[in-house]
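Reader: I'd like to understand how the labels for this model are earned. Could you take me through a few of them?

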Amino acid sequence: MSSHSVKISSGLRKLAAVCGLAVVLAGAGHGLARAGAFDAILGPELDVPPSAATEPLTTPTEYRSNNGKLAITVEAKATRVQLGSFQINGATYNGVYGGPVLRLKPGDELQMTLVNHLAQATNVHFHGLQVSPLGHGDDSMRMVLPGETWQYTIAIPKTHPPGVYWFHTHGHGFAERQLMGGLSGTIVIEGFQDQIPATKPLVEQLLVLKEFSADGNGNLNAVSKPFNGQIKTVNGQLMPRIDIRPGETQLWRLTDQTANTYFRLSLDGHSFTVVGRDSHPIPKPEVVREIMVGPGERMDVLVTGAAAGTYKLVAEKTSTGPAGDMFPSQNMALLVSRADTSKPAPAPLGPLVMSPGTDKPIPGDRIDAQRLVSFSEDRVTGLFFINHTTFDHERVDVKVPLGNIEEWTIRNASDELHIFHIHQVAFQVVSINGKPVPFDGLLDTVNVPIHGEVKIRIPFTDPIIVGRFMFHCHILEHEDKGMMQQIEVYDPKVGPMPDGMNMAGMDHAHMLHMDGGH
Amino acid sequence: MSSQLMRMNSRSLLASIGIGAALLGTAAASAQTVPTGNNPAQARQIEQRAMPPAPDMPTGDEGWPKISFDILGSVDYANMGSKTGPGRKPGFVVWADATLLLEFNDALSLDGLFQFKPRQPLAASNPNKDLFINRGLDRREGGKMKELYFRYGDWRFGKFVPDFGRAYALLPGPYASDFIEEPEQGYEPSDMMGVEKLYVLDDENGGWKQITFTAFMADRTFLHQSFPYNEGMIHYKDGGVGNTRLPENLLVTYDVLNKPVGDWAHLSYQASVIRWGKSYGEQRGEWWTTAGADITIPVTGTVADTLRGEYSQFRFYVEGARRDNFEGVAGRTRNFLSGSAEYKMGPWVFDLTTAHRWTMDRILPDQKDESYTASIGYTLPSQTVISLSAARETVGSEKGVYAGIRLTKAFSFCSKCLVNDSFY
């Protein structure tokens, strides 16, 4: 054997040694969701076969308003949760990983008593609701310490747009982990189907999408990235069965209640008819083969059962850009289409006539202010910025007099997607990367293209929103690391609150000792 | 195989195993892409404008302290060939950057960067000793603290790489910045200690704008030492770039990041100047100047394209730098010009880079050096990047080709973890 051949063999032996060591070490601490020993190189995918779809999709525990009021006690607590064959250590409201469902009508009052059994401070934000941020309202700055109780009183205006909303923890610095643990639930303001009469007789399916990144012991990974493995669920169920009859149309109402995960959902042999986004009907229904929802977003779609058979609902592999995350694909649910001879054949879907209700384009003839919101990040320090600052709860970044209609340019100065969300108000997307877009309904979240811009028009005109609230990227990893700002809408007759002044009802004594429970 | 090479390869193997164990430990790994489109060194300059907490208000709504710990590691299998002298035997090269961030509060943190890489100079008797001087083959590795500093608001104190130039971190491809790295032959002002003040300008309409002022000098402390190959400590009488008695080397840099160009691109650019004090034994202190820009142009950049993994972009980069009184000799200059074109398409990245260097002297003949690099990379679902690269370099009369396959992965062991942490 020549000396050159000896060198090559020696090099290959070293290569084999390093790779072998890599495989052994990558396999050590194997997470629950890891598929095999090459995960460190190839990435894990959770194998959930169709045969695992033994349980029917169930709606989590529902609470309905009565005589204009819904009073509920919500206990936030660490919870051991069974997800299929996996056990995880989550954090839930009332022990329900899929999250409670609250059903109210416009004009109702929600009284939610939050009891915090966690070791960390927590709170609740009512995502998408156009309600007051003051006092016992939707105050996302007010933290509830471990062992404390706080009552939220949310008066839903009579003119409030009906639709699917949600509520979730909003503790800055740990919202990502708490939400990933399961601290969220769904709110349905009834009446959406009245805006699209053809949907009124349809079976409504609430699909709550959640994520969890588990280590080998079922705990949340210290770095809860999809690379470490991810379990995605629907209504807190792994691979549930959704029953439908051939020809039957159902209204599926999806909420992405994840901290960071985007879903690109496809359904074998079926298409979706999108009829609503972020709780608002869209002017023209769209037929699509896959639907995309990002963190915080909601979507209402129609699904018509194909011929008898089984069809997988798949979350396809999804990327958020060169500097973002890659979410592995996973089977989410199994649609089982079979005839039910005990019932008459399903009626065909009526014509889709959209009555958007209060949704109208926001007038652009009087724009009171133009602002720039620039999302950027520093990969080295791990900080995320809005306009080169990180969140400071003592700083009010934007002050808007009530009555303003403003145009904001949301800029993405990074190599990954961000999803802009503002509390208390809904907005209209006016242009994307300089190209005007037709009115497509109001939203409260919008994705911003990489190295691109979205211009939105926001009406700060409803007196109910007077007070301080937030806007941020709804990828909660980014929000926790700084990508959030505080806005104050003030009564121009009174003027803004002095800087440093507490909001009415905010007790800063509660801000002390929020150190993870110690 | 020579006994010397066997010893080096054994050391490389041991280092590989050690680093591999650290890299692929039982802790969680993160999904971070290799920052080919970002400048880690530059990024370190980007800081929040922290507002010191009001004395009568709570210090925040988060727990402290927080720790972040990441390792960016790569393993090369490379080879070098040359017609002007001996090549270098194929072998493994390990490179790892471990970053530590300990945040005490919103304003104060301790930042560290431990870098493990090839450090041993090539033998003076090697006819190709100036070729690929910053690449790994035939060079023993060592690890040391490349950076260790306190950050307080917009100030930095300690050992850090001053913000001068971006090519040494931004040029795509593993071998592209060979001319530019390190302060003696290139223009990366590493191994410096000093103090820095950053001003971030308020108006972000034209991108993120900042001005940096730094005063610094060569690191003459134990932090300059490395292990297992030890670069040793610097003494004042050793001279060299920045090795002044006092931190009298002064820098001013102006950065603009992600300035929109119409609706179709983002432009970043930098201009910087360093006035170096006179080091021991030199005629003059050097003057360094640089200007560079890069433009990122999304091609398929809609949200839907991105989510489908079909995001694509072009990125073009150009940077020039000049060292007047090069090596402290009056009238000697060294000029650099580098440029790159990078195309990212989903998980793929393709890039071409060229770097040129002119060394001119009143007495010695001018020397022109060139390098050309091409790389193809692919990001696996685990966000491990596998890349094939080849570089051709001419340094004076020395010519060679360096090629290799590289695996790169970032591991996040902790990302702003609370020291006293509970899960919820």
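Reader: What makes Lys368(B) and Glu370(B) a salt bridge?

Author: Happy to explain! This is a predicted model, in which local features need pLDDT of at least 70 and side-chain atom pairs count only at pLDDT 80 or more, while totals for chains, interfaces and linings use all residues. Residues are numbered from 1 along each chain as its sequence is written, chains are lettered from A and ligands numbered from 1 in the order in which they are written, and side-chain values use heavy atoms, leaving out hydrogens and water. A salt bridge is a side-chain nitrogen of Lys or Arg within 4 Å of a carboxyl oxygen of Asp or Glu. The closest N and O atoms of Lys368(B) and Glu370(B) are 2.9 Å apart, so the pair fits that definition.

Reader: Why is Arg64(A) called exposed?

Author: Buried means under 20% relative accessible area, exposed over 50%, and partly exposed in between, with a 1.4 Å probe and protein chains only. Arg64(A) has 53% relative accessibility, so it counts as exposed. Its salt-bridge partner is Glu62(A), at 3.3 Å from N to O; with 30% relative accessibility, Glu62(A) counts as partly exposed.

Reader: Which residues share a salt-bridge network with these two?

Author: Shared partners join Glu62(A) and Arg64(A) with Arg103(A), Glu190(A), Glu204(A), Arg253(A) and Asp300(A).

Reader: How do you know that Lys343(A) is partly exposed?

Author: Its relative accessibility is 47%, so Lys343(A) counts as partly exposed. Lys343(A) also meets Asp340(A) in a salt bridge, at 4.0 Å from N to O. Asp340(A) is partly exposed too, with a relative accessible area of 29%.
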